[in-house]
Each structure stands twice: as C-alpha cells, then as structure tokens.
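Me: I have a model open and would like to go through it with you. Could we start in the interior and then move on to other sites?

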Amino acid sequence: MENLFYVGLISIIIVFGMGMYFTGAVSHESPSTASATGEHSYNLTLVITNQNYMQSQNHMQPAYYVLQDGKLLSSAQIYIPANSIINLTIINYDYGPGTVPAQYSKVMGTLNGTEYVVNDTNVNMSASQRGQYVKSVPSADLAHTFTIPKLGLNIMVPSDSIVSAQFQTGGPGVYGWQCQVDCGTGPSGWNGAMATPGWMMGQVIIQ
Ligand SMILES: [Cu+2]
C-alpha cells in the first residue's frame, strides 16, 4: 500500500514536471499550452474580414488575417509548430453563400472529423444558441474554407461565425493553404483574393 502511494506520488511529480517543462519551453511563442499528456499544443487564431480594398482588382475583397499579440498580421505565411496539436479558431465577419468543389464539401483532417461552429455571435446570442459540432456546412451557409489540400485539412466557415477545430501536425514542411469557396473576382470567382497570397491563399510553414 505504501509502495503504491510512492509510485503515485512520483508519477504526479513526473507529470507535473513535464508539464512545467513544456510550458517553459514554449513560453516565448504566442499562446501555447501543454496538454495533460505533455503533448505540445498551439493556439492559431485567424480572422476573416470583408470589404478590404484590393487595388489590382479595383474591388472589395475578403481576406484572412492571423491574429497574434493583439494585431492582425498577413496570412501569406502562417507559422505553426511541427508535431503538435493546433487549436484553430477562425473568426469570420464575412458572409456567403458560395460554391465549393465537391471534395471540399465536408470537414476533413480534424480530430474527430468535426468542427465547432458558433453562428451569429455578435448579436442575439442566448445560451441555447451557443454552437454545435458539425461535419459539414450547407453551401447556402458557407462563406469560406480554410483548406490545406496536401494535408487533407478542410475547415468550413459559415457566414458570420466563429469556428474552432483541432488538428495534429507532423514533421516540418511548407504547404499551400487555399480557400475553396469562389469568393474572389472574375467569371469563376477564383481571381482576386482567391489568387493572391495573404487574402484567400498562402503558405503554412510547419516548423
Ligand atoms: Cu474565401
């Protein structure tokens, strides 16, 4: 009985120590935490605004930004850590609808294959409207996606919503991200923001 007590005590000390180690090791990065298992996790927050003037198109266009340290930064290059759980939050001030290629009509590549969607968060929110886990979003409600095709990651972003999801990164690498909803300019809707880094596409650098 006494032995069990010490085994338990030592386990607690080891787990606590690892937690402190990981917390300390990542404290120079923006919001990061260590999960109960000691696995490195990282909070990535993206913001989508509309009505950004794009000079080359002479047109207002939607754009993704990275929210970091209280500032909106370009999404042309998004940095996330390797071998980590990424806690992704997308705050979307834009509306749809738009069309998406069939292969991106469902949530993919997240833990449990779901994402958590809170609609209409800026007004009229009540406890009963506080969001739901979904595996897809009807195209009538869809404004954008955050998609990393080569990683099989597809996050669907409804109009005027906040979306959260978790996904796991592997080793280091550079991957393209692209919104898959035709929210740009031109006959296909794939010009303008859809074809411009830092607007509806860019790179994800896993390091
Ligand atoms: Cu888009």
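Me: Let us begin with F146. Is F146 buried or exposed?
Reply: This is a predicted model. In it F146 has a relative accessibility of 1%, so F146 counts as buried, the cut-off being under 20%.

Me: How many aromatic pairs does a search of the whole structure find?
Reply: The search returns four aromatic pairs. One of them joins Y64 and F146, with 5.7 Å centre to centre and 55° between the planes, an arrangement classed as tilted.

Me: Where do Y64 and F146 lie?
Reply: Y64 belongs to strand β3 (residues 59-68) and F146 to strand β9 (residues 142-148), so this pair ties together parts that are 82 residues apart in sequence. Both Y64 and F146 are buried.

Me: And why is the pair of F146 and W177 tilted?
Reply: The ring centres of F146 and W177 are 5.3 Å apart and the planes stand at 35°; the pair is therefore tilted, since that class lies between stacked (under 30 degrees) and edge-to-face (over 60). F146 is in strand β9 and W177 in strand β12, so the pair links parts that are 31 residues apart in sequence. W177 is buried as well, with a relative accessible area of 2%. Taken together, Y64, F146 and W177 form one aromatic cluster.

Me: Now the nonpolar core. How many residues does the largest one have?
Reply: The largest nonpolar core has 40 residues. Those with the most contacts inside this core are L44, L46, Y64, I78, I80, I90 and F146.

Me: Which elements give two or more residues to this core?
Reply: They are β2 (40-54), β3, β5 (77-80), β6, β9, β10 (153-158), β11 (161-168) and β13. The greatest contribution comes from β2, with five residues.

Me: What is I78 in contact with, leaving aside its neighbours within four places in sequence?
Reply: I78 contacts L44, L46, V66, F146, W177, Q203, V204 and I205. Two of these, F146 and W177, are also members of the aromatic cluster.

Me: Switching to the metal. Which residues coordinate the copper ion?
Reply: The donors are H144 through ND1, C179 through SG, C183 through SG and M200 through SD, at 2.0 to 2.5 Å. Their spacing in sequence is H-x34-C-x3-C-x16-M.

Me: Where are C179 and M200?
Reply: C179 and M200 both lie in the loop between β12 (173-178) and β13 (201-206), so the pair ties together parts that are 21 residues apart in sequence. C179 has 0% relative accessibility and therefore counts as buried. M200 is likewise at 0%, so M200 counts as buried.

Me: Why is the arrangement around the copper ion tetrahedral?
Reply: The four donor atoms subtend angles of 95 to 125° at the copper ion, which makes the arrangement tetrahedral. The criterion asks that all angles lie between 85 and 135 degrees. For comparison, the ideal angle for four tetrahedral donors is 109.5 degrees.

Me: One last residue: where is N87, and is N87 buried or exposed?
Reply: N87 sits in strand β6 (residues 85-92). Its relative accessibility is 19%, so N87 counts as buried.

Me: Which side chains make a polar contact with the side chain of N87?
Reply: The side chain of N43 does so at 2.9 Å, and the side chain of Q166 at 2.5 Å. Beyond residues up to four places away in sequence, N87 touches S41, Y42, N43, L44, A165 and Q166. Among these, L44 is also one of the residues with the most contacts inside the largest nonpolar core.

Technical notes: Residues are numbered from 1 along each chain as its sequence is written. This is a predicted model: local features need pLDDT of at least 70, side-chain atom pairs count only at pLDDT 80 or more; totals for chains, interfaces and linings use all residues. Side-chain values use heavy atoms; hydrogens and water are left out. Donors are N, O and S atoms within 2.8 Å of the metal (3.2 Å for Na, K and Ca); water is not among the atoms, so sites may look incomplete. Four donors count as tetrahedral if all angles lie between 85 and 135 degrees; four count as square planar and six as octahedral if opposite donors are over 155 degrees apart and all others between 65 and 115; anything else is irregular. Helices (H or I, at least four residues) and strands (E, at least two) are DSSP runs, numbered from the N terminus. Buried means under 20% relative accessible area, exposed over 50%, partly exposed in between (1.4 Å probe, protein chains only). A polar contact is a pair of N or O atoms within 3.5 Å; within protein, one must be able to donate a hydrogen and the other to accept it, and residues adjacent in sequence count only if both atoms are side-chain atoms. Contact means heavy atoms within 4.5 Å. Rings of Phe, Tyr and Trp (its six-membered ring) pair if their centres lie within 6.5 Å; planes under 30 degrees apart count as stacked, over 60 as edge-to-face and the rest as tilted. A nonpolar core is a set of buried Ala, Val, Leu, Ile, Met, Phe, Trp, Tyr and Cys residues joined through side-chain atoms within 4.5 Å.
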